[in-house]
Amino acid sequence: MRNYHNLRSHAVLFVLVLVWSILLGGGMAGVLRAAETPQSPNSETLVAIGTIDPIPERYQTGLKLYLENCSSCHVALPPEVMPTQTWETLLLEPEQHYGQRLEQIPRPFIFIVWNYLRTFSRPLGEDEQTPFRVTESRYFKALHPRVDLPPTLTAAGCISCHPGARDYNYRRLTPEWEDSP
Ligand code: HEC
Ligand code: HEC
C-alpha cells in the first residue's frame, strides 16, 4: 500500500515537471511576454502596488529570490522606481549589465522574480524611452517630490538618505529628511 502510494506521487510529480518543461519551451522572451497579460486586479494587489508596504504572501518568494540575486553588488532597488520594461530587459540581458556579466537566474526562479517585479512596477508611457538609470526614470522622480536629486545619483547613493536601504527599507529616512516639512 505504502509503495503504491509513493509511486503514484512520483508519477504526479513527473507529469508536473513535464508540463512545466513544455510550458517553458517557448524561449525566455516569449514566456516573459506571455506572462505579461494583465491580471485582473484584486484588493490584495491594489493595496501593495506603488508602495513599499508589506508584500502579499504570494509574492514573498519572488521578493526573496530578487533580493538573493540582485542585492550582492549594490542595494536592491524597489520595482516601483523603474518601469516594467526596464526590469524585463535587465532580466533578459544579464550578460550586459552595466559593463558586468551576470549569471542568468535559472528557470523557473527567473519567472518568479519577474512576477514580483512586473506586479510592483508600472509600464512605460507611449513614446517614452526605457530608462536604465534612476535619474532618467519618471517613476523615481515621482516618488521624490521633495527632493532635488543629484544628477549623478546611482544605487550607491540611496543609503545617504535611506539608512535602511541595505535591508530593503525605503520608508525609513535620515532624521534630516524625516523632520523636514
Ligand atoms: C555582479 C554584480 C551585480 C549584480 C549581481 C547585479 N548588479 Fe545591478 N549593477 C551592477 C553594476 C556594476 C552597476 C552599475 C553601477 C554604477 O555605475 O553605478 C549596476 C547597476 C544597476 C542598476 C542601475 C541603477 C542606477 O540607476 O544607477 C539597476 C537598475 C540594476 N543594477 C539592477 C540589477 C538587478 C535587477 C539585478 C539582479 C538581476 C542586479 N542589478 C544584479 C552590478 C551588479
Ligand atoms: C537626497 C536624499 C535621497 C536620496 C539620495 C534618495 N532618496 Fe528616496 N526618498 C527620499 C525622501 C525625502 C523620500 C520621501 C518622499 C519625499 O519627501 O520626496 C524618499 C522616498 C523614496 C521612496 C518611496 C518610499 C515610500 O514607500 O513611500 C522610494 C521607493 C525611494 N525613496 C527609493 C530611493 C532609491 C532606490 C534611492 C537610490 C537610487 C533613493 N531613494 C535615493 C530621499 C532620498
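This passage walks through two iron sites, a mostly covered helix, the salt bridges and some unusual backbone spots in a predicted model.

A few ground rules come before the details. Residues are numbered from 1 along each chain as its sequence is written, chains are lettered from A and ligands numbered from 1 in the order in which they are written. Because the model is predicted, local features need pLDDT of at least 70 and side-chain atom pairs count only at pLDDT 80 or more, while totals for chains, interfaces and linings use all residues; side-chain values use heavy atoms, with hydrogens and water left out.

Ligand 1 holds an iron atom whose protein donors are His-74 (NE2) and His-97 (NE2), lying 2.0 Å from the metal. Donors here are N, O and S atoms within 2.8 Å of the metal (3.2 Å for Na, K and Ca), and water is not among the atoms, so sites may look incomplete. The six donor atoms give angles of 88 to 179°, and the site comes out as octahedral. His-74 sits in the loop between H4 and H5 and His-97 in the loop between H5 and H6, so the pair ties together parts that are 23 residues apart in sequence. As for the labels, six donors count as octahedral if opposite donors are over 155 degrees apart and all others between 65 and 115. Helices are DSSP runs (H or I, at least four residues), numbered from the N terminus.

The two histidines of this site fall into separate burial classes: His-74 is partly exposed at 34% relative accessibility, whereas His-97 is buried at 13%. Buried means under 20% relative accessible area, exposed over 50%, and partly exposed in between (1.4 Å probe, protein chains only). Around ligand 1 there are 18 residues, the closest being Cys-70, Cys-73, His-74, His-97 and Arg-133; a residue is counted if one of its heavy atoms lies within 4 Å of the molecule. The side chain of His-74 puts an N or O atom 2.8 Å from a nitrogen atom of the ligand, and a polar side-chain atom of His-97 also lies 2.8 Å from a nitrogen atom of ligand 1. Arg-133 brings a side-chain N or O atom to 2.5 Å from an oxygen atom of ligand 1.

Over at ligand 2, the iron atom has His-144 (NE2) and His-162 (NE2) as protein donors, at 1.9 to 2.0 Å. Both histidines are in the loop between helix H7 (138-142) and helix H8 (175-179), so the pair ties together parts that are 18 residues apart in sequence. The six donor atoms subtend angles of 87 to 180°, which makes this arrangement octahedral. For reference, ideal angles are 90 or 180 degrees for six octahedral donors. Both His-144 and His-162 are buried.

The surroundings of ligand 2 comprise 21 residues, with His-144, Arg-146, Cys-158, Cys-161 and His-162 the closest. By class, that shell has 14 nonpolar, five polar and two charged residues. Ala, Val, Leu, Ile, Met, Phe, Trp, Tyr, Cys and Pro count as nonpolar, Asp, Glu, Lys and Arg as charged, and the others, Gly among them, as polar. A polar side-chain atom of Arg-171 lies 2.7 Å from an oxygen atom of ligand 2.

Away from the ligands, helix H6 (residues 109-119) is mostly covered, with eight of its eleven residues buried. Among them are Phe-111, Trp-114, Tyr-116 and Leu-117.

The whole structure has two salt bridges, a salt bridge being a side-chain nitrogen of Lys or Arg within 4 Å of a carboxyl oxygen of Asp or Glu. In one, Glu-68 pairs with Lys-64, the closest N and O atoms being 3.4 Å apart. These two lie in helix H4 (residues 60-70), four residues apart, or about one turn of the helix. Lys-64 counts as exposed, at 52% relative accessibility. In the other, Glu-128 meets Arg-138 at 2.8 Å, N to O. That pair links distant parts of the chain, ten residues apart, with Glu-128 in the loop between H6 and H7 and Arg-138 in helix H7. Glu-128 is partly exposed at 30%, and Arg-138 is partly exposed at 40%.

The backbone has some oddities too. Most residues other than glycine have a negative phi, and most peptide bonds are trans. The peptide bond from Arg-107 to Pro-108, however, is cis, with omega near 0°, and Pro-108 is in the loop between helix H5 (84-92) and H6. Tyr-98 has a positive phi of about 50° and lies in the loop between H5 and H6. Tyr-168 has a phi near 65° and belongs to the loop between H7 and H8. Tyr-98 is partly exposed, at 38%, while Tyr-168 is buried, at 13%.

Note on methods:
Four donors count as tetrahedral if all angles lie between 85 and 135 degrees; four count as square planar and six as octahedral if opposite donors are over 155 degrees apart and all others between 65 and 115; anything else is irregular. A polar contact is a pair of N or O atoms within 3.5 Å; within protein, one must be able to donate a hydrogen and the other to accept it, and residues adjacent in sequence count only if both atoms are side-chain atoms.
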